[in-house]
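New notebook page, new structure. I want to get my bearings before chasing details.

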Amino acid sequence: MSEFKKPSLPGSALFEAQAGGDDPAELAAAGHRIATLLVRGPRTDDDQGMVDRVLHLADEEGLGVIADLWATAPADTLPGSLWRLYLLRTWVHRQPDQAAREYASGKAYAPVHEVLAGVVDPPGPAEVIALVDTVVRGIVTSDLDVTLDRAASFAHIVGVGRAQLDSGDPHSAAKLVDTALHLRRAAELERLGELT
């Protein structure tokens, strides 16, 4: 009997091997394969190393590499929803004060979303970073639908909050609310077993 080996998270070598040059169709197919491997690949429940590496995927590989593979994927696909999750996480890590301010502004207008998002009160920069990290860690659990729902609620609250602030940008606020709708739809598809 051969020994079973734990799968490893794709590193830069896999990204380079999967990327199909400049052909958009080959890049899309590679992105889909990698997204499927991340979310659906075999693993054990106690593989904390896998969880940590998925969490820091954008940090280690660079958001540009991930964008090349996932940014053009439709929102109702696995790679498209992962792109939105990593984009949201990267923004919060880069601008935690703004994220906390917009979240605090929006939570009064979306109390149901506030409960689902799960940010502690009061929501400071550390709390919103902790939330997005917890959400991205959820990619490698069997509850991807809950992960997507939590991210959708967070994006919705921040979008509403951005629109409420005097310094807010209505266009980007609307895009965040659209992102929330896309993530919520992806969660529905995941519950139906149709998120591919």
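I began with one helix, H10. I counted 21 residues in H10, and its first C-alpha lies 30 Å from its last. At 1.5 Å a residue I'd expect 30 Å, so the span is close to that, by the rule of 1.5 Å times one less than the number of residues. A reminder to myself: this is a predicted model.

Next I asked: is H10 mostly covered or mostly bare? It's mostly covered, with 18 of its 21 residues buried. For the protein as a whole, I noted that 48% of the 196 residues count as buried.

Then I stepped back to the overall layout. I found eleven helices and zero strands. Read along the sequence, that's just α repeated: α-α-α-α-α-α-α-α-α-α-α.

What sits inside? I looked up the largest nonpolar core, which has 43 residues. Trp70, Leu82, Leu85, Leu148 and Phe154 touch the most other members. Helices H2, H5, H6, H7, H9, H10 and H11 each supply at least two residues of this core. I jotted down a background note too: in soluble globular proteins, nonpolar side chains tend to be buried together.

I picked Leu148 for a closer look. Which residues does Leu148 contact, leaving aside neighbours within four places in sequence? I listed Ser81, Leu85, Leu183, Ala186, Ala187 and Leu195.

That made me check contacts across the protein. Among those with a separation of 6 or more, 69% join residues 24 or more positions apart.

Last entry, the outside. The accessible surface comes to about 9,800 Å², and carbon and sulfur atoms hold 55% of that surface.

Conventions
Residues numbered from 1 in each chain as written. Predicted model: local features only at pLDDT ≥ 70, side-chain atom pairs only at ≥ 80, totals over all residues. Heavy atoms only, no water. Core = buried A, V, L, I, M, F, W, Y, C linked by side-chain atoms within 4.5 Å. Buried < 20%, exposed > 50% of the residue type's maximum accessible area, 1.4 Å probe, protein only. Helix = DSSP H or I, 4+ residues; strand = E, 2+ residues; numbered from the N terminus. Contact = heavy atoms within 4.5 Å. Areas by Shrake-Rupley, 256 points an atom, 1.4 Å probe, with all protein chains shown as cover.
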